[in-house]
Amino acid sequence: MRNVLKNEKFDIIVLAGQSNSSGYGEGPVTKEYIPNERVLMMENDAVPYYEEPEEGSPYRFIMKFLNPAARNTVRIADEVLCDYGKISCLAITFAENYAAKCLAPDRKVLIIDSGYGGTGFTCPGWGVGNPLHNRMMDMVSLALSCNPENRIVAFLWHQGEHDVVENEEKGFEPEALYQSHKANLVAMQNDFYTKFDCKSAPFITAGFVTDWYQSHKVGADAVMKAMRESAEEAGGRFLDVSDLKSNNQVLDNNDVIHFSRESQHIMGQRFFEAYLDVVKESR
């Protein structure tokens with residue numbers, strides 16, 4: 001893989017979070033995504049799982065990887081073809097817009113896809129020192145090490161549904177959920193920006209599917225407050241995407257938690273517009 005990357009100069013887009021970051025968007029789209037050889041994606045085949053703690057230890061699930069010696073692979077970025085059609089992620093249209101409007105002729109885009117479905121801070125997968133955070137940091141470190149001219153240009157994050165549901169089941173206090181979620185996000189941002197010295201790369205995130213939010217308002221509001229504040233305090237953006245449809249609203253398939261494929265395309269465009277706003281303001 002290093003041979004694939006070492007002869008190219010990359011603008012790196014880091015994509016992280018749970019399933020709505022990696023993308024489970026189904027259904028028709030207004031405009032099909034056309035793969036571009038200037039837009040690549042790095043993936044890691046580690047499979048996480050949760051195990052119960054040893055007897056006598058505090059009761060919480062611990063995330064580990066089934067295959068610690070996981071491989072990183074690089075391919076031309078494209079939507080994933082499944083038995084039920086294509087699924088999409090927001091980074092696809094973000095990168096498409098970035099390549100068309102921001103990319104220098106001698107450079108390419110590399111999306112670091114470090115998200116994983118059903119994960120969060122509560123059953124610790126994300127969070128500084130935890131497996132998914134470490135995996136993300138390792139993937140970015142590898143990409144940067146392949147060429148001294150590689151640089152991080154954006155940090156795209158979508159996550160939080162996991163933490164809402166996990167805490168609802170435990171009889172949570174909304175204020176405590178807000179405080180803990182914000183502390184985890186700020187710690188993640190600080191670790192990322194300090195290690196990679198890339199404060200100019202905006203942190204951009206967004207809210208949840210309205211179809212799902214309506215059944216989880218109290219916890220979702222606490223988490224979104226933490227997301228909004230941590231993004232804005234870092235100089236980034238939190239986007240309202242409440243108008244975007246779920247898979248269920250498009251396909252009537254009972255999937256109320258995931259943005260549809262068209263919604264993922266639109267969300268990527270909105271993330272890119274927010275990116276441009278942040279860059280413009282910083283000049």
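**Helix packing and pockets in a predicted model**

User: How do the axes of α6 and helix α8 lie to one another, and what makes the pair roughly parallel or oblique?

Analyst: In this predicted model, the axes of α6 and helix α8 (residues 217-233) come within 8 Å and cross at roughly 30°. Angles under 35 degrees count as roughly parallel, so α6 and α8 are roughly parallel. The crossing of α6 past α8 is right-handed.

User: How do you know that α6 and α8 are in contact, and which residues make the contact?

Analyst: Contact requires heavy atoms within 4.5 Å. On α6 the contact is made by Pro 174, Leu 177, Tyr 178, His 181, Lys 182, Leu 185, Val 186 and Gln 189. The residues of α8 in this contact include Val 218, Gly 219, Ala 222, Val 223 and Lys 225. By class, the contact of α6 with α8 comprises eleven nonpolar, four polar and four charged residues.

User: Why is α4 called roughly parallel to α6?

Analyst: Helix α4 (residues 131-145) and helix α6 (residues 174-196) have axes that come within 12 Å and cross at roughly 20°. Because angles under 35 degrees count as roughly parallel, α4 is roughly parallel to α6. α4 passes α6 in a right-handed crossing. From α4, His 133, Met 136, Met 137, Val 140, Ser 141 and Leu 144 take part in the contact, while α6 supplies Met 188, Asp 191, Phe 192, Lys 195 and Phe 196. Seven nonpolar, two polar and two charged residues make up the contact of α4 with α6.

User: What makes α3 oblique to α10?

Analyst: The axes of helix α3 (residues 90-101) and α10 are 6 Å apart, and the helices pack at an angle of about 45°. Roughly parallel would need an angle under 35 degrees, and roughly perpendicular 65 to 115; therefore α3 is oblique to α10. α3 passes α10 in a right-handed crossing. The contact involves Leu 90, Thr 93, Phe 94, Asn 97, Tyr 98 and Lys 101 of α3, and residues of α10 including Gln 264, Phe 271, Phe 272 and Tyr 275. Its classes are seven nonpolar, six polar and one charged.

User: What makes a residue part of the lining of the largest pocket, and which residues lie nearest its centre?

Analyst: A lining residue has an atom within 4 Å of a pocket point. The largest pocket is lined by 21 residues, and nearest its centre lie Ser 22, Gly 23, Glu 43, Val 80 and Asp 113. About 380 Å³ of space lies in the largest pocket. Strand β2 (residues 39-44) contributes the most to this lining, with three residues. By class, the lining holds eight nonpolar, six polar and seven charged residues.

User: How do the residues lining the second largest pocket divide by class, and which helix gives the most to that lining?

Analyst: The lining divides into seven nonpolar, three polar and one charged residue. Lys 199 is among the lining residues, and because Lys counts as charged, Lys 199 is that charged residue. Helix α10 (residues 261-282) gives the most to the lining, with four residues. The volume of the second largest pocket is about 160 Å³.

Note on methods
Residues are numbered from 1 along each chain as its sequence is written. This is a predicted model: local features need pLDDT of at least 70, side-chain atom pairs count only at pLDDT 80 or more; totals for chains, interfaces and linings use all residues. Side-chain values use heavy atoms; hydrogens and water are left out. On a 1 Å grid over the protein atoms alone, a cavity is a set of points where a 1.4 Å probe fits but cannot get out, and a pocket is an open set with protein on both sides within 12 Å along at least five of seven lines; lining residues have an atom within 4 Å of a point. Grid points are joined across faces, edges and corners, and a volume is the space filled by probe spheres set on the points. Helices (H or I, at least four residues) and strands (E, at least two) are DSSP runs, numbered from the N terminus. Axes are lines fitted to C-alpha atoms, for helices over the stretch in contact, and angles run from 0 to 180 degrees between N-to-C directions. Angles under 35 degrees count as roughly parallel, over 145 as roughly antiparallel, 65 to 115 as roughly perpendicular and the rest as oblique. A crossing is left-handed if the near helix is turned anticlockwise from the far one by less than a right angle, and right-handed if clockwise.
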